[in-house]
Amino acid sequence: MTQATDRFLAHARIEVPLLCGAMYPCSNPELVAAVSDAGGMGIIQPLSMVFVHGHDFREGLRLIKRLTDKPIGMNVITEKSAKVYTERMQKWVDIALEEGVRFFVTSLGNPAWVVEKAHAVGGVVYHDVTERKWAEIALKAGVDGLIAVNDQAGGHAGGKSPEALLAELADLGVPVLAAGGVGDGPAFRRALELGYAGVQMGTRFIATEECLAHGDYKAAILKARPEDIVLTEKISGVPVAVIKTPYIEQMGTKAGPIARRLLKGRKTKHWMRTLYTVQSLWKLKHSSLKGTGYADYFQAGKSVAGCDTIEPAGAIVRRLADEAGFGRAHSAGA
Ligand SMILES: Cc1cc2nc3c(=O)[nH]c(=O)nc-3n(C[C@H](O)[C@H](O)[C@H](O)COP(=O)(O)O)c2cc1C
């Protein structure tokens, strides 16, 4: 095990260097708990917990804590946004800290306020980045680690390969996790061998028994090949990785010319993004829960290559741990 992996495991207080990344709308409490319970760490997506799965935020956390006594993490999207959103997010972070959450994954924007709150009680913050300039800003804000989102990732993919991104980030003095393209044991081992301290996975955990996504969505993940993953701007105005279904082909993947112009304008881009965000939260929620026949916005990354059966999330964590040599630590500790 490398020193970087050791540091990450100590930061997260877990046994297997594997996060189940936050997924709107797929992160339900049962999935988060199952990954943590097996020795990795499940990351809560608060909007998913409250608006998709219908839990009061504190009650959702308590549900997870009844399912596992292992550490869990929380995703905070720190992008500059409407005041009401920021205030709500700050309140959720306070509640998470009160309920004992000590690991935070921030994405977009400046994570300084999350760092301040987390560090005050001994917590840590890892920030999602797609290139070095964002990593430098996040490190100035005091983050403890980085998550390198590459060009194979589900969700908002980056533009660089896992190798190129690690080369940019390796000398920054903090653990770097890989996000994107890891769906099975060999890919997990390769990421660690490449020098990553650990891995954040998303897509693989949708095709699990605990994930409450519709069966059609899970079936589409099992069937898809990496070349079926395309980026569409239709959901949020910025490229999101989805499975190329007939619905996506029919809709096209580019934002229209008016939307494009508004997304670029200095004054219009914030309200255009807000409009897109509200629309996209709605579309994604319903396509995930209702399946084919509603709208096939099935978000997934190229790691669909490693998804061939629906199984318990804990079984995936244990298999990957064994294949990468963390099996002994796990069976001794869990
Ligand atoms: C359906 C889906 C929803 C996602 N939603 C979020 C999110 O709300 N916040 C976030 O920081 N990352 C989000 N991600 C990114 C994941 O946390 C993770 O970094 C990514 O899935 C890793 O790539 P993989 O899917 O190839 O494993 C999402 C990914 C997927 C597949």
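**Exercise 1.** How far does a backbone N or O atom of Gly-181 lie from an oxygen atom of the ligand? Place this pair beside other polar pairs around the ligand.

*Solution.* The model worked with here is a predicted one. Begin with Gly-181, where a backbone N or O atom and an oxygen atom of the ligand are separated by 3.3 Å, a value that falls within the 3.5 Å allowed for a polar contact. Turn next to Ala-22, which has a polar backbone atom 2.8 Å from an oxygen atom of the ligand, and then to Asn-75, whose side chain places an N or O atom 3.0 Å from a nitrogen atom of the ligand. Finally, consider the surface of the ligand, which exposes 600 Å² when taken alone, 93% of it being buried by the protein.

**Exercise 2.** Describe the residues around the ligand by class, and name those that come nearest.

*Solution.* The shell divides into 8 nonpolar, 14 polar and 1 charged residues. Within this group of 23, the nearest are Ala-22, Gln-200, Gly-202, Thr-203 and Ser-303.

**Exercise 3.** Which residues touch the most other members of the largest nonpolar core? Follow one of them to its contacts.

*Solution.* The core holds 104 residues, and those touching the most other members are Phe-57, Met-74, Phe-103, Phe-104 and Phe-205. Helix α5, covering residues 83–98, contributes the most to this core, with 7 residues. Now follow Phe-57: once its neighbours within four places in sequence are set aside, its contacts include Ile-44, Pro-46, Met-49 and Val-50, together with Met-74, Trp-92, Ile-95 and Ala-96.

Terms used
Residues are numbered from 1 along each chain as its sequence is written. This is a predicted model: local features need pLDDT of at least 70, side-chain atom pairs count only at pLDDT 80 or more; totals for chains, interfaces and linings use all residues. Side-chain values use heavy atoms; hydrogens and water are left out. A nonpolar core is a set of buried Ala, Val, Leu, Ile, Met, Phe, Trp, Tyr and Cys residues joined through side-chain atoms within 4.5 Å. Buried means under 20% relative accessible area, exposed over 50%, partly exposed in between (1.4 Å probe, protein chains only). Helices (H or I, at least four residues) and strands (E, at least two) are DSSP runs, numbered from the N terminus. Contact means heavy atoms within 4.5 Å. A residue is near a molecule or strand if one of its heavy atoms lies within 4 Å of it. A polar contact is a pair of N or O atoms within 3.5 Å; within protein, one must be able to donate a hydrogen and the other to accept it, and residues adjacent in sequence count only if both atoms are side-chain atoms. Accessible areas come from the Shrake-Rupley method with a 1.4 Å probe; for residues, only the protein chains shown count as cover. Ala, Val, Leu, Ile, Met, Phe, Trp, Tyr, Cys and Pro count as nonpolar, Asp, Glu, Lys and Arg as charged, and the others, Gly among them, as polar.
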